[in-house]
Amino acid sequence: LEAAFIDSPGVRVIDKADGSSGFVRDDHRNWPMTIGGLIETEKPSVVVVMAGANDWQQFTGVQSEAKGKPFLSEEWSKEYQARLGAFLDAVEKTGKPVVWVGQPAFKTKSMTNDVLAFNELYRNAAEKAEGTFVDVWDGFVDQSGSFTLTGFDMSGQTARLRNNDGIGLTTAGKRKLAFYVEKPLRQLLGTATAPDIAAVKPGAPVQALPETPSGPTPPAPPTAPA
């Protein structure tokens, strides 16, 4: 995102991502409980969220039907949706718009199928909260819709977009991911994205939040080059 807005001095990206966090384990980071204070401190104009790659696990220590239930089971999904809702409710109370970035396909078929389920949960939660869901899927799959390590970069050239683990993104992949996020941000930030704004105005930064595992927090592609 910093690269995407390098020519927009009126936009400042504040990276508060925590690559080890998610919504299942709240002992490391409880996002629903802490997001309000973070927004109050940083005073962003828009909150950008990408999460999920650390959430392939059971809930532990919760006093609900979800405790010990299989990942993506009915009980698990209900608890997960409740946490997404609590997080978005906390953001909504601050009056800040939210842009939720979906996950790309992963190398293993089982993870990719799970990601599709995750993205539906994120899309539904974001839209219910009147936020914006950014679908990046098409930028990281081949013509048959399958995971691919390579693809078009921002210049329309074929480049390596993903790391060997099939989860993380390369520099080119991250910049491509940011391209998808850039459009809704420009709409929300308006004139702050203009290249002729001389200084950053207080309260106009873009805030980056939860991230995918250590590495999977990436960018998106340009208008699909032919």
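# A tour from Thr34 to the cores

Start by selecting Thr34, which sits in helix H1, residues 31-42. Keep in mind that the model on screen is predicted. Is Thr34 buried, exposed or partly exposed? Its relative accessibility is 31%, so Thr34 counts as partly exposed, since that class lies between the 20% limit for buried and the 50% limit for exposed.

Next, show the side chain of Arg29. The side chains of Thr34 and Arg29 make a polar contact at 3.4 Å. Then select Ala90. Along the chain, Ala90 and Thr34 are 56 residues apart, yet 8.8 Å separates their C-alpha atoms.

Now zoom out to the whole protein chain. There are 4 helices and 7 strands, and in sequence order they run β-α-β-α-β-α-β-β-β-α-β. The chain has 226 residues, and 47% of them count as buried. Among contacts with a separation of 6 or more, 71% are between residues 24 or more positions apart.

For the interior, select Phe23, Tyr80, Leu84, Phe87 and Trp100. In the largest nonpolar core, which has 27 residues, these touch the most other members. Colour H1, strand E2 (46-49), helix H2 (74-94), strand E3 (98-101) and helix H3 (109-128): each gives two or more residues to this core. H2 provides the largest share, 7 residues.

Stay with Phe23 and show what surrounds it. Beyond its neighbours within four places in sequence, Phe23 is in contact with residues including Trp31, Pro32, Ala51, Tyr80 and Trp100.

Last, select Ala4, Val48, Val136 and Leu169. These are among the 18 residues of another core, which lies apart from the largest one.

Definitions and conventions: Residues numbered from 1 in each chain as written. Predicted model: local features only at pLDDT ≥ 70, side-chain atom pairs only at ≥ 80, totals over all residues. Heavy atoms only, no water. Buried < 20%, exposed > 50% of the residue type's maximum accessible area, 1.4 Å probe, protein only. Polar contact = N/O pair within 3.5 Å; in protein donor to acceptor, adjacent residues only side chain to side chain. Contact = heavy atoms within 4.5 Å. Core = buried A, V, L, I, M, F, W, Y, C linked by side-chain atoms within 4.5 Å.
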